[in-house]
Amino acid sequence: MKKILYSFLVSAFLIACQGSQTYTEHKSQNFSIKVRDDLSETDALNDEAILQFKNEFQELYLIVLEEPKTDVSLYFPEIREENDADERIKLYADILLKNYENSLTLTNFSGYIPVTINGSNAIEMTFNAVDPESKINVFYYVTFIETQNHFFQILTWTLFDSKKEHLDSMEKMIRSFKSRNQNIKLKKAT
């Protein structure tokens, strides 16, 4: 009986805590982002990530990748400053989406969703993919952001079955992104 009561209390506590998520701002040299407090900082998700967080119990993950525009234009000459802002971010998203497609089988792809996040030009997308190693169905919410001097990728993911539970938090974290050295909005070509 004590085990049942204990399990019930723990479950009730976890459910109550889910409705009142709190977030903490994390800063790097070039950006800040608010991350759910129940995610722990790690270095085990991606060797190239500037910031990375996880909650293995909730199966919720976030990483931020940063690339200087000078590096991007060197490796991908089709992405030039002469392109308008919408074209640059779309070309960047096209290249990275091909990389995802080379390693994952994507389903339920949302298509590109153009957005502005705190003054920065961005493209969001969602998709599902089966993890090649574990064969587990995963939901991804990915955003590509262009700032004055950098391109960023923010990747969040969770189990497909936990999508509804975490979607709002994933969006809130991504939409909290702020460039720390962009004083002007990138101008679109007219």
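## The largest pocket

The largest pocket in this predicted model has a lining of 25 residues, and those nearest its centre are Leu45, Asn46, Ile63, Leu155 and Trp157. The space inside the largest pocket comes to about 680 Å³. If you want to trace its walls by element, look at β5, α3, β9 and β10, which each give two or more residues to the lining.

## The chain as a whole

Stepping back, the chain folds into 4 helices and 11 strands. Of its 190 residues, 43% are buried. Among contacts with a separation of 6 or more, 50% are between residues 24 or more positions apart.

## Two nonpolar cores

In soluble globular proteins, nonpolar side chains tend to be buried together. Here, the largest nonpolar core has 26 residues, and the members that touch the most others are Tyr92, Met125, Tyr140, Val142 and Phe144. At least two residues of this core come from each of β5 (60-68), α3 (85-103), β8 (120-130), β9 (137-146) and β10 (150-159). The biggest share is from α3, which gives 7 residues.

Tyr140 is a good place to start exploring. Leaving aside residues up to four places away in sequence, Tyr140 touches Leu104, Met125, Thr126, Phe127, Ala129, Thr156 and Trp157. There is also a second, separate core, with 21 residues that include Leu51, Ala122, Phe139 and Phe152.

## Aromatic rings

Across the whole structure there are 11 aromatic pairs. One of them is the stacked pair of Phe31 and Phe177, with 5.5 Å from centre to centre and 20 degrees between the planes. These two rings bring together distant parts of the chain, 146 residues apart: Phe31 belongs to strand β2 (residues 31-36), while Phe177 sits in the loop between α4 (163-175) and β11 (178-179). Both Phe31 and Phe177 are buried.

Phe109 and Tyr112 make an edge-to-face pair, at 6.3 Å centre to centre and 80 degrees between the planes. Phe109 has a relative accessible area of 38%, so this residue counts as partly exposed. Tyr112 is likewise partly exposed, with a relative accessible area of 25%.

Ring pairs also join Tyr61, Tyr92, Tyr100, Phe127, Tyr140, Phe144, Phe151 and Trp157 into a cluster. Phe151 has a charged companion too: Lys69 lies over the face of this ring, 5.7 Å from its centre.

## Loops worth a look

Phe76 is in the loop between α2 (69-75) and α3. Is Phe76 buried or partly exposed? Buried would need a relative accessible area under 20%; Phe76 is at 25%, so it counts as partly exposed. Phe76 and Ile95 are 19 residues apart in sequence, with 8.6 Å between their C-alpha atoms.

Two asparagines round off the tour. Asn108 is not a glycine, yet has a positive phi of about 50 degrees. Asn108 is placed in the loop between β6 (106-107) and β7 (113-117), and its relative accessible area of 58% makes it exposed. Asn118, also not a glycine, has a positive phi of about 50 degrees. Asn118 is found in the loop between β7 and β8, where a relative accessibility of 46% makes it partly exposed.

Definitions and conventions
Residues numbered from 1 in each chain as written. Predicted model: local features only at pLDDT ≥ 70, side-chain atom pairs only at ≥ 80, totals over all residues. Heavy atoms only, no water. Core = buried A, V, L, I, M, F, W, Y, C linked by side-chain atoms within 4.5 Å. Buried < 20%, exposed > 50% of the residue type's maximum accessible area, 1.4 Å probe, protein only. Contact = heavy atoms within 4.5 Å. Phe/Tyr/Trp six-rings, centres within 6.5 Å; stacked < 30°, edge-to-face > 60°. Lys NZ or Arg CZ within 6 Å of the ring centre and 35° of its normal. 1 Å grid on protein atoms, 1.4 Å probe; cavity = no way out; pocket = protein on both sides within 12 Å on 5 of 7 lines; lining within 4 Å. Points joined across faces, edges and corners; volume = space filled by probe spheres on them.
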